[in-house]
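This briefing introduces the structure shown below to a reader who has not met it before. It takes up a few topics in turn, with the points grouped under short headings.

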Amino acid sequence: MKFYNREDELALLQRADVLKEKHSIMSILIGRRRVGKTSLALRVSDDAIYFFTSKKDEKLLCEEFVRELEAKGIRVFGEFHKFETLF
């Protein structure tokens, strides 16, 4: 996929990627459908976590997200039923 006019977004995400070495950083990309948000995030960082949410029970989404984190080597302790407590 070619990227057009994404220099500002790439620079911002790359700056956040550098800051994560010293601080906890979470970047959230939002926008219209099919504009390249996923490709943009995955282009910046090799260890980005991509989690697609759908209309499911929050407890089930938390369980899926924890599995995604653990697949990336991030240990999660406890059981979570709400994203509010997970984050």
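In this predicted model, V66 is in contact with V76, F80 and L86, once its neighbours within four places in sequence are left aside. V66 also belongs to the largest nonpolar core, and the points below begin with that core before turning to the aromatic rings and to T85.

**The nonpolar core**

- The largest nonpolar core is made up of nine residues in all, namely L61, C62, F65, V66, L69, V76, F80, F83 and L86.
- Helix α3, which spans 58–71, and helix α4, which spans 83–86, each supply at least two residues of this core.
- The largest share of the core comes from α3, which provides five residues.
- As a general background to such a grouping, nonpolar side chains in soluble globular proteins tend to be buried together.

**The aromatic rings**

- A pair of aromatic rings is described by the distance of the centres and the angle of the planes.
- The count of aromatic pairs comes to four, and one of them is the edge-to-face pair of F51 and F65, with 5.1 Å centre to centre and 65° between the planes.
- Because F51 lies in the loop between α2 (37–44) and α3, while F65 lies in helix α3, this pair ties together parts that are 14 residues apart in sequence.
- F65 is buried, with a relative accessible area of 11%, and the ring of F65 also pairs with that of F87, the centres being 5.6 Å apart and the planes at 50°, so this pair is tilted.
- Since F65 lies in helix α3 and F87 in the segment after α4, the pair of F65 and F87 ties together parts that are 22 residues apart in sequence.
- F87 counts as exposed, at 57% relative accessibility, whereas its partner F65 is buried.
- Ring pairs link F51, F65, F83 and F87 into a cluster, and of these residues F65 and F83 are also listed in the largest nonpolar core.

**T85 in helix α4**

- T85 is found in helix α4, and with a relative accessible area of 52% this residue is exposed, the cut-off for that description being over 50%.
- T85 and C62, the latter a residue of the largest nonpolar core, are 23 residues apart in sequence and 9.9 Å apart in space, taken from C-alpha to C-alpha.

Note on methods: Residues numbered from 1 in each chain as written. Predicted model: local features only at pLDDT ≥ 70, side-chain atom pairs only at ≥ 80, totals over all residues. Heavy atoms only, no water. Core = buried A, V, L, I, M, F, W, Y, C linked by side-chain atoms within 4.5 Å. Buried < 20%, exposed > 50% of the residue type's maximum accessible area, 1.4 Å probe, protein only. Helix = DSSP H or I, 4+ residues; strand = E, 2+ residues; numbered from the N terminus. Contact = heavy atoms within 4.5 Å. Phe/Tyr/Trp six-rings, centres within 6.5 Å; stacked < 30°, edge-to-face > 60°.
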